[in-house]
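Subject: Handover of a structure and the findings from it

Dear colleague,

Please find below the structure that I am passing on to you. My account of what was found in it follows directly after.

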Amino acid sequence: MGWIKIFSKHADAEELLSENKPQLVVIGEKRICLVKRNKRFYAVSNKCTHNGESLSKGIVNSVGEIVCPWHGYQFDLQTGREYRERSADLEIYPVRDEEDGLYIAI
Ligand code: FES
C-alpha cells in the first residue's frame with residue numbers, strides 16, 4: 001500500500017470538490033469514488049458491488065451513505081457496508097488530508 005497524492009494542497013481539494021457530490025478519481029487501474037462531507041474526505045471503490053454501476057454517478061444521503069443510481073443500494077462511506085447487507089462491502093481507501101495535499105492509500 002502506498003500514499004498517492006491527488007491534490008497538491010488542502011485548499012485545492014476544499015475548493016474543487018463539492019460537499020456530498022461524489023467525484024470519480026482514476027489512479028492507474030483503480031477507479032475510486034471520492035466524497036467530501038462534513039470537513040472530511042472519503043474514498044471507496046467506484047464500482048457498486050451489486051451490479052457494477054459507477055457510484056460516482058450516485059448521491060450521498062443525509063446519513064452519509066452513497067446511494068447507487070441504478071437500484072438504490074446504500075453504502076456507508078466509512079465502512080463500505082451496504083446498510084441491509086444485500087451485497088458485499090465496498091473496498092474503502094484511507095484518506096490523509098494534509099496542508100500539502102490530499103492523499104489516498106491504495
Ligand atoms: S448496480 Fe448498484 S444497486 Fe444495483
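The radius of gyration of the protein is 13 Å, which agrees with the value near 13 Å that a compact globule of 106 residues would have. Please bear in mind that this is a predicted model. Along the principal axes, the C-alpha atoms fill a box of roughly 40 × 30 × 20 Å. Buried residues account for 27% of the 106 residues. Of the contacts with a separation of 6 or more, 44% are between residues 24 or more positions apart.

Secondary structure

The protein contains one helix and ten strands. In sequence order the pattern is β-α-β-β-β-β-β-β-β-β-β.

Strand pairing

One open sheet consists of three strands in the order β1-β10-β9, with antiparallel pairing. Its edges are β1 (3–7) and β9 (95–98); each has a single partner strand, so one side of each is left without a neighbour in the sheet. From one strand to the next, the twist averages 25°. β1 and β10 run antiparallel and are joined by four bridges. Within this pair, Lys5 has Tyr103 of β10 as its bridge partner.

A second group of three strands forms an open sheet in the order β5-β6-β7, and here too the pairing is antiparallel. β5 (59–60) and β7 stand at the edges with a single partner strand each, and therefore one side of each has no neighbour in the sheet. Two bridges connect β5 with the antiparallel strand β6 (residues 65–67). Val60 has Ile66 in β6 as its bridge partner.

β3 and β4 also run antiparallel, joined by six bridges. Leu34 is matched with Ala43 in β4 as its bridge partner. The hairpin of these two strands has two residues between them, and Asn38 in this hairpin takes a positive phi near 50°. β4 additionally pairs with β8 in the antiparallel sense over two bridges. In that pairing, the bridge partner of Val44 is Ile92 in β8.

The nonpolar core

Which residues touch the most other members of the largest nonpolar core? Of its 23 residues, they are Cys33, Val35, Tyr42, Ala43, Val44, Ile66 and Val95. The elements that contribute two or more residues to this core are β3 (30–37), β4 and β10 (101–105).

Ile66 deserves a separate paragraph. Besides being the bridge partner of Val60, Ile66 is in contact with Pro22, Cys33, Val35, Val44, Leu55, Gly58, Val60, Phe75 and Leu77, leaving aside its neighbours within four places in sequence. Among these contacts, Cys33, Val35 and Val44 are also listed with Ile66 as touching the most other members of the core.

Cys48

Is Cys48 buried or exposed? Cys48 has 24 other C-beta atoms within 10 Å and is therefore buried, the threshold for a buried residue being 20 or more. Cys48 is found in the loop between β4 (40–45) and β5. When its neighbours within four places in sequence are left aside, Cys48 is in contact with Glu53, Leu55, Cys68, Trp70 and Tyr73. Cys48 and Gly58 are ten residues apart in sequence, and their C-alpha atoms are 10 Å apart in space.

Positive phi angles in loops

Most residues other than glycine have a negative phi. Two loop residues are set out here against that background.

Asn20 has a positive phi, near 60°, and is a residue other than glycine. Asn20 lies in the loop between α1 (10–16) and β2 (23–27). Asn20 counts as partly exposed because it has 16 C-beta neighbours inside 10 Å, a number in between the limits of 12 or fewer for exposed and 20 or more for buried.

Glu85 is not a glycine, yet its phi is positive at about 55°. Its place is in the loop between β7 (74–76) and β8 (92–93). With 8 other C-beta atoms within 10 Å, Glu85 is exposed.

Yours sincerely

Key. Residues numbered from 1 in each chain as written. Predicted model: local features only at pLDDT ≥ 70, side-chain atom pairs only at ≥ 80, totals over all residues. Pairing = 2+ DSSP bridges. Contact = placed C-beta atoms within 7 Å. Core = buried A, V, L, I, M, F, W, Y, C linked by C-beta atoms within 7 Å. Rg over C-alpha atoms; globule rule 2.2 N^0.38 Å. Axes fitted to C-alpha atoms, helices over the stretch in contact; angles between N-to-C directions.
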